[in-house]
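Reader: I would like to go through this model one feature at a time. Please keep the answers brief and end each on what I asked for.

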Amino acid sequence: MDLLSNVLATVRLKASGWHICDFRAPWGFVTKPGFAEPFFLSIVGSACWLTFDGMAPIRMQEGDLILALHGQSYSIASDPEVEPIAWETAFPPLPWSNSVKLTAPRRLAYGDGDGPATRAISAVFGFGDTKRNPLLAALPPYIYLSNSDSHLLATMQSAREFLESEEVAPGPGYVATAERLAELVFISIIRAHLRLQPEQTSGWLRSLSDPRIARAVTAIHERPQHHWTVAGLAEIATMSRAVFAKKFHILVGKSPGDYLTDWRLHLASSQLATTGKPVSTIAEEAGYRSDTAFAQAFKRQFQLTPREYRRAQNG
C-alpha cells in the first residue's frame, strides 16, 4: 500500500449528512461563532459568495467546490452585499451526533425573491482525531477546486445523481451508501488537491516528494509496533543517520521519534474509538511494551487515559 493510501485508510468519518440546497436571491446566511464542523460544498447552478472569518470572499460558480477541514465560521450569500441572517434562524438545528443520522438527503430551501436560483450539494463531516492524523493536520484550512479543476473528480456527477434521486424516493441502505459516498468524495478531493498544488503541501505530505524519506515513513506506518531507531530508519532510507534525521525533520516537520509516537497514538486512538479490543492489546499493537508506558504516553497527548478516551468517543 502506498503512503497516501495508508494514511487515508485511517481517516475515520464519524458521521455524515448530505444536503440539497435551493436558494432564491437575495439570500445570505452566517454560522455562529466557533462553528467547528468540517464541510463540503459543491455548486450545481448559479454563483454565490462564501466568506470565511478574516478572509476575502470567494466567488463560487457552477461546478466549483470547496472542502473546509478545520472548522471555521463562515457566511454564504447570493451577493457579498447581502446582510446575512443566522443559519439557525433560517433552518432548524441539524440532528448531529453519532447516534442520529439523516435517512435521506436533507432539502434546504429559502428565498421568495425574483433573483437567480442557486442549487448546491453539501455535506457535513464528523472526523475522529484530526490533530494526530498527519494527513488532516497537514492540509490547509480549505481546499477549493474551480470548475476547470473539478473534472478530476469523476465521483461528483454520480454523487449528484444519487442524492437527487434519493431526495425524491429514498431507498433502503441510504445511510450506509451516503457515508461511503462522503468518504469517496473526500478522498477524491484530497487526491485532486495534491495533483494540482503539490508545492503547497506541508508536514508529512512533503515526504512524498523524497523517495528515501517516504520509504522510512512507510516503514513506520507498516510496522508501528517495531522498535524503530533513527539508525534503523536511516538504513531503510539509505542515508547516513545525521543526514536522514535532518532531512526527515525538514520535510515532515518533526523528528523521526516524535513522528513514530504520534502515529502510534493516532492508531491507538482509532482502535479505542472503533473496536472493543482490550487496552493491553491495543498498546501492544501500537508498539508499547507495557500498559503503563502506553497509558502515560496517551494521556500526555490526549489529556485522557485510554479508557476515558474510549468512553468519551462512544458515549
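**Sheet, helices, cores and loops**

Author: Strands β4 (residues 48-52) and β7 (residues 74-77) run antiparallel and are joined by four bridges. The model is a predicted one.

Reader: Which residue in β7 does L50 stand opposite?

Author: β4 covers residues 48-52 and is bridged to β7, residues 74-77. Across from L50, in β7, stands I76.

Reader: Which are the edge strands of the open sheet?

Author: Five strands make up the open sheet, with mixed pairing, in the order β5-β4-β7-β2-β8. An edge strand here pairs on one side only, and that applies to β5 (58-60) and β8 (85-86).

Reader: At roughly what angle do the axes of α6 and α9 cross?

Author: The crossing of α6 and α9 is right-handed. The axes of α6 (residues 211-222) and α9 (residues 256-274) come within 10 Å, and their crossing angle is roughly 35°.

Reader: How do the residues of the contact of α6 with α9 divide into nonpolar, polar and charged?

Author: From α6, V217, I220 and H221 take part, and they meet Y259, L260 and W263 of α9. By class, the contact has five nonpolar residues, one polar and no charged.

Reader: Which helix gives the largest share of the largest nonpolar core?

Author: That core has 55 residues, and those touching the most other members are W18, F40, L67, L135, F186, I189 and F244. Its largest share is ten residues, from helix α5 (residues 174-196).

Reader: How many residues are in the second, separate core?

Author: Its members include C21, L50, M60 and I76. L50 and I76 also stand opposite each other, I76 being in β7. The count for this second core is 21 residues.

Reader: Is T238 buried or exposed?

Author: T238 sits in the loop between α7 and α8 (241-252). Its phi is positive, about 50°, although T238 is not a glycine. Exposed means over 50% relative accessible area. T238 has 55% relative accessibility, so it counts as exposed.

Reader: What is the class of S46 by relative accessible area?

Author: S46, in the loop between β3 (39-45) and β4, has a positive phi of about 70° without being a glycine. The partly exposed class lies between under 20% and over 50%. With a relative accessible area of 24%, S46 is therefore partly exposed.

Reader: Which residues does the cis peptide bond join?

Author: P26 belongs to the loop between β1 (13-24) and β2 (28-30). Omega is about 5° for the cis bond, which joins A25 and P26.

Note on methods: Residues numbered from 1 in each chain as written. Predicted model: local features only at pLDDT ≥ 70, side-chain atom pairs only at ≥ 80, totals over all residues. Heavy atoms only, no water. Axes fitted to C-alpha atoms, helices over the stretch in contact; angles between N-to-C directions. Helix = DSSP H or I, 4+ residues; strand = E, 2+ residues; numbered from the N terminus. Left-handed = near helix turned anticlockwise from the far one by under 90°. Contact = heavy atoms within 4.5 Å. Nonpolar A, V, L, I, M, F, W, Y, C, P; charged D, E, K, R; others polar. Core = buried A, V, L, I, M, F, W, Y, C linked by side-chain atoms within 4.5 Å. Buried < 20%, exposed > 50% of the residue type's maximum accessible area, 1.4 Å probe, protein only. Pairing = 2+ DSSP bridges.
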